[in-house]
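Colleague: Could you take me through one part of this model up close? I'd like to hear about the salt bridges, and then whatever else you think belongs with them.

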Amino acid sequence: MADKLGRNDPCWCKSGRKYKQCHQAFDDKIQAIARMGHTVPHRDLIKNPEQIAKIKESCKINIAVLDYIEEHIHEGMSTAEIDKIVYDITTDMGGIPAPLNYKGYPYSVCTSVNEQVCHGFPSEDVILKPGDILNVDCSTILNGYFSDSSRMFCIGEISPEKKKLVQVAKECVELGLKEVKPWGFLGDMGQAVHDHAFANGYTIVREIGGHGVGLDFHEEPWVGYNTRRGEEMLMVPGMIFTIEPMVNMGKVDIYIDDKNGWEVYTEDGLPSAQWEIMVLVTEEGSEVLCW
Ligand code: MF3
Ligand code: CO
């Protein structure tokens, strides 16, 4: 709900301008949409230009780390080596790997191989071999600002089935991104992602989704993909969230390894693929901050 400001009070966005000359019309528009029954973002989710600039600095590290991994990942390497690379590059650039000690998560990165859906533990014992596909999910804290993105990597020759899965998962994110624009709804994005996966005979994990990000690791809203056009939260300029559908080749069902409470696998043992981008809603449409 709008915390009421007088027309001549300084705007909540810290621009230094009067509310009536800054975000008042914007807030009124949001409240009108809320009265129509839609979920709307609280102003805490709307980043100002200074915050966006600082978040982008954090994103630079995340992108540099994933670019380095893209160049150096190879058959015979362990996922523990990827963890070390992530830690070293992130800290050399002045950042902190956000996963490390997050709710007790014990590593700097998640490396999820084949039928691992997400939150895979890097390990000396997981040696990358030809035919593997894996997601490397990086997140950085820089000066208190968060970034989060992930990419898929293919080791050597992979099967045509896995190649298609990785490709379609990427297309899902691209098609979802096209739907990100101010005054649309998150469900516009979710349905585009969902429809493309299903048209290819795949399923999208229901329990785990994207999230707001920037001032914290995981902010509102929760971003699902089994959602419908015109539903879910209103998108407005200044919101930042991730698009990160986990696309399963087979059934939608997943389970969490009860030995560690983190690693997520497909129930049917078939592969899963995920790409994650971090998107800013702008006045014109969207800007991808991290990939
Ligand atoms: N990057 C993942 C996400 O989008 C988070 C994994 S970090 C972990 O939420 F600590 F939760 F594993
Ligand atoms: Co994320």
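Modeller: Glu 219 and Lys 47 are both buried, and their side chains meet in a salt bridge, with N to O at 2.5 Å. Keep in mind that this is a predicted model. Glu 219 sits in strand S8 (residues 219-223) and Lys 47 in the loop between H1 and H2, so this pair ties together parts of the chain that are 172 residues apart in sequence.

That's one of 11 salt bridges in the structure. Another one involves the H1-H2 loop too: Arg 43 pairs with Asp 27, and their closest N and O atoms are 3.5 Å apart. Here Arg 43 is in the loop between helix H1 (24-35) and helix H2 (49-72), while Asp 27 belongs to helix H1, 16 residues away. Arg 43 counts as buried because its relative accessible area is 15%, under the 20% cut-off. Asp 27 is buried as well, at 8%.

Now move along to helix H2. Glu 70 forms a salt bridge with Arg 151, with 2.6 Å between the closest N and O atoms. This one links helix H2, where Glu 70 lies, to strand S5, where Arg 151 lies, and the two residues are 81 apart in sequence. Their surroundings aren't alike: Glu 70 is partly exposed at 45% relative accessible area, whereas Arg 151 is buried at 5%. Asp 67 comes into the picture too, since salt bridges with shared partners join Asp 67, Glu 70 and Arg 151 into one network.

Strand S5 also takes us to the metal. The cobalt ion (ligand 2) is coordinated by Asp 148 (OD), His 211 (NE2), Glu 244 (OE) and Glu 276 (OE), at 2.1 to 2.3 Å. Asp 148 is in strand S5 (residues 145-154) and Glu 244 is in the loop between strand S9 (240-243) and strand S10 (246-248), so these two donors tie together parts 96 residues apart in sequence. If you want to find the donors in the sequence, they follow the spacing D-x62-H-x32-E-x31-E. Asp 148 is buried, at 2% relative accessible area, and Glu 244 is buried too, at 5%.

For a contrast, have a look at the surface. Glu 207, Asp 253, Glu 267 and Asp 268 form a negative patch there. Glu 207 is in the loop between strand S6 (203-204) and strand S7 (210-212), and it counts as exposed because its relative accessibility is 51%, which is over the 50% cut-off.

Notes
Residues numbered from 1 in each chain as written. Chains lettered and ligands numbered in written order. Predicted model: local features only at pLDDT ≥ 70, side-chain atom pairs only at ≥ 80, totals over all residues. Heavy atoms only, no water. Patch = residues over 30% accessible without salt bridge, like charges linked within 9 Å, V, L, I, M, F, W, Y side chains within 5 Å. Areas by Shrake-Rupley, 256 points an atom, 1.4 Å probe, with all protein chains shown as cover. Salt bridge = Lys/Arg side-chain N within 4 Å of Asp/Glu carboxyl O. Lys, Arg positive; Asp, Glu negative; His and termini not counted. Charge placed at Lys NZ, Arg CZ, Asp CG, Glu CD. Helix = DSSP H or I, 4+ residues; strand = E, 2+ residues; numbered from the N terminus. Buried < 20%, exposed > 50% of the residue type's maximum accessible area, 1.4 Å probe, protein only. Donors = N, O, S within 2.8 Å, 3.2 Å for Na, K, Ca; no water.
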